[in-house]
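Dear colleague,

I am handing over the structure we spoke of, and below it I have set down what was found. Please read the notes with the coordinates open beside you.

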Amino acid sequence: AVLEWLRKHYTLTENPGMGSDGLYYYYQTMAKALAAAGLRELELVDGRKIDWRTDLAKRLLDLQQGEGYWVNDSGRWWEKDPVLVTAYTVLALNAIYQAL
């Protein structure tokens with residue numbers, strides 16, 4: 001069910017349907033699910049194939065603050081806390097690394 005949902009709603013610009021709310025938790029759970037599925041690429045419903053590991057890693061590195069941490073502008077679910085958001089990001093990066 002997770003893979004089918006991601007095939008329909010895959011994006012790295014927002015938490016689908018939620019905007020920036022819970023964005024880093026979304027990244028972390030998406031990375032864990034795709035790594036557990038053993039997918040190198042995610043085929044979307046329109047037929048495009050996404051190298052999710054490269055795309056997500058680049059997105060996360062682009063979002064890193066100059067001081068080395070990650071933080072969300074949205075405070076919903078405590079995602080303005082850089083300790084929590086950095087932990088989510090490290091878990092996502094670890095899932096990507098394990099999927100290599």
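The crossing of helix 2 and helix 3 is left-handed, and I begin there, with the reminder that this is a predicted model. The two axes, those of helix 2 (residues 23–37) and helix 3 (residues 52–63), come within 11 Å and cross at roughly 155°. Since angles over 145 degrees count as roughly antiparallel, helix 2 and helix 3 are therefore roughly antiparallel to each other. On the side of helix 2, the contact is made by Y24, Y27, M30, A31, L34 and A35, while helix 3 brings W52, L56, R59, L60 and L63 to it. Sorted by class, the contact holds 10 nonpolar residues and 1 charged residue, with no polar ones.

Several of these names return in the largest nonpolar core, which has 25 residues, and in which Y10, Y24, Y27, M30, L56 and L60 touch the most other members. At least two residues of this core are supplied by each of helix 2, helix 3 and helix 4 (82–98), and the largest share, 7 residues, comes from helix 2. For L56, if one leaves aside its neighbours within four places in sequence, the contacts are L12, Y27, M30, A31 and I96.

R59, which lies in helix 3, deserves a separate look. Is R59 buried, partly exposed or exposed? Its relative accessible area is 25%, and because the partly exposed class runs between 20% and 50%, R59 is partly exposed. Again leaving aside neighbours within four places in sequence, R59 is in contact with L12, T13 and Y27. The pair R59 and T13 is 46 residues apart in sequence, yet their C-alpha atoms are 8.7 Å apart in space. L12 and Y27 are also among the contacts listed for L56.

The last residue I would point out is N15, which has its place in the loop between helix 1 (2–9) and helix 2. The relative accessible area of N15 is 12%, and because buried means under 20%, N15 counts as buried. Which residues does N15 touch, not counting those up to four places away in sequence? They are D21, G22, L23 and Y26.

With kind regards

Definitions and conventions. Residues are numbered from 1 along each chain as its sequence is written. This is a predicted model: local features need pLDDT of at least 70, side-chain atom pairs count only at pLDDT 80 or more; totals for chains, interfaces and linings use all residues. Side-chain values use heavy atoms; hydrogens and water are left out. Axes are lines fitted to C-alpha atoms, for helices over the stretch in contact, and angles run from 0 to 180 degrees between N-to-C directions. Helices (H or I, at least four residues) and strands (E, at least two) are DSSP runs, numbered from the N terminus. Angles under 35 degrees count as roughly parallel, over 145 as roughly antiparallel, 65 to 115 as roughly perpendicular and the rest as oblique. A crossing is left-handed if the near helix is turned anticlockwise from the far one by less than a right angle, and right-handed if clockwise. Contact means heavy atoms within 4.5 Å. Ala, Val, Leu, Ile, Met, Phe, Trp, Tyr, Cys and Pro count as nonpolar, Asp, Glu, Lys and Arg as charged, and the others, Gly among them, as polar. A nonpolar core is a set of buried Ala, Val, Leu, Ile, Met, Phe, Trp, Tyr and Cys residues joined through side-chain atoms within 4.5 Å. Buried means under 20% relative accessible area, exposed over 50%, partly exposed in between (1.4 Å probe, protein chains only).
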